[in-house]
Amino acid sequence: MSRTRPGVGMTGFASMPPAREVQLDSDELAAMRPALEILGGRRLAVLTGAGLSTDSGIPDYRGPGSAPRNPMTFQEFIGSEANRRRYWARNHIGWSHLRHADPNAGHAAVALLERRGLMTGLITQNVDRLHEDAGSINVVDLHGRFDQVICLDNGHTFSRRLIAAILEEINPGFLEAAVESGVVEMAPDADATVEDPELITSFVMAVCPVCGGTLKPDFVYFGENVPKGRVARAYGMVDEADALLVAGSSLTVQSGLRFVRHAAKAGKPVVIINRGTTRGDEFAVLKLELGVSGALDFLSRTLPDLPEASEPIGVSGN
């Protein structure tokens with residue numbers, strides 16, 4: 001990837017170059033051999049989490065070394081104008097930092113697995129759209145899309161770029177003041193912690209350009225349900241697969257863990273690649289504590305072709 005690539009998904013640190021391809025050492029290669037034996041010859045459903053995007057400069061929620069966070073819930077967001085103001089102010093700052101990420105070797109590897117016909121589809125808990133940037137097509141964005149904003153009153157949708165432009169126009173000098181006050185923490189959903197509370201209270205929120213309604217980034221908050229159609233499509237990917245590969249997810253939230261339980265209940269092998277324990281470890285036939293990007297890159301190049309390669313299942317819907 002080019003070091004000046006603008007980033008279609010418009011997330012990530014604009015000032016950071018894309019991560020270099022990760023090379024596995026001899027111990028890591030030895031650890032990957034059981035994964036090849038389990039996954040070889042099987043069509044895979046792949047589930048990814050925030051740990052996959054850390055090599056693109058996007059912080060993790062719960063990985064080793066991650067700062068403790070208490071994200072705003074959906075109920076808090078809709079229940080208080082002050083909460084919405086705080087959220088949008090912090091998100092606007094985060095957006096200014098997290099809008100030009102490049103996919104890393106792990107994202108490219110998943111796209112290669114799809115092109116090789118080794119996948120039924122991809123379920124991602126990430127909202128950064130880096131999988132799509134890397135070329136993945138059959139993707140369920142389980143928790144939504146960071147590049148869209150939705151009106152809670154009438155369902156109108158807008159690009160995040162448009163709303164950012166509106167916010168910049170109605171809050172002149174805000175980002176510069178934020179830089180001076182200091183952004184002390186970033187998160188995968190572009191939340192940012194700011195030390196100056198007066199800066200937050202001065203922020204002017206945007207309203208829906210069509211109806212004047214309440215705007216929210218188009219992803220699933222804590223305490224909000226994943227749309228049923230999206231869940232059904234993800235289950236379909238697991239049902240069509242012979243095995244489930246989990247990469248970079250702690251499986252802390254039920255929205256991802258349910259697919260691991262579903263696969264295990266159906267007798268399908270589950271392989272998890274993640275640094276640190278996950279809630280799905282007990283269901284896995286193999287758990288690998290390895291770097292996600294390097295492991296996925298190895299699998300994408302080393303797994304054998306299927307006897308009869310076939311196309312992924314339908315890509316329509318969200």
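**Salt bridges in a predicted model**

Modeller: In this predicted model, Arg 145 and Asp 147 form a salt bridge, with 3.0 Å between the closest N and O atoms.

Biologist: Why is the contact of Arg 145 with Asp 147 called a salt bridge?

Modeller: The criterion requires a side-chain nitrogen of Lys or Arg within 4 Å of a carboxyl oxygen of Asp or Glu. The closest N and O atoms of Arg 145 and Asp 147 are 3.0 Å apart, so the pair qualifies.

Biologist: What makes Asp 147 buried?

Modeller: Asp 147 has a relative accessible area of 10%; buried means under 20%, and therefore the term applies.

Biologist: Why does Arg 145 count as partly exposed?

Modeller: Its value is 22%. Partly exposed lies between the limits of 20% and 50%, so Arg 145 belongs there.

Biologist: How do you know that Glu 289 and Lys 287 meet in a salt bridge?

Modeller: The N to O distance is 3.6 Å, and the cut-off is 4 Å, so the pair of Glu 289 and Lys 287 is accepted. Glu 289, at 45% relative accessibility, is partly exposed, as is Lys 287 at 24%.

Biologist: What separates Arg 301 and Asp 297 in helix α11?

Modeller: They are four residues apart in helix α11 (residues 292-302), and therefore separated by about one helical turn. Their side chains meet in a salt bridge at 3.1 Å, N to O. Asp 297 is buried at 9% relative accessibility.

Biologist: Which residues are joined into one network by salt bridges that share partners?

Modeller: Arg 129, Glu 132, Asp 141, Arg 145 and Asp 147 are joined in this way. The whole structure contains 10 salt bridges.

Conventions
Residues are numbered from 1 along each chain as its sequence is written. This is a predicted model: local features need pLDDT of at least 70, side-chain atom pairs count only at pLDDT 80 or more; totals for chains, interfaces and linings use all residues. Side-chain values use heavy atoms; hydrogens and water are left out. Buried means under 20% relative accessible area, exposed over 50%, partly exposed in between (1.4 Å probe, protein chains only). Helices (H or I, at least four residues) and strands (E, at least two) are DSSP runs, numbered from the N terminus.
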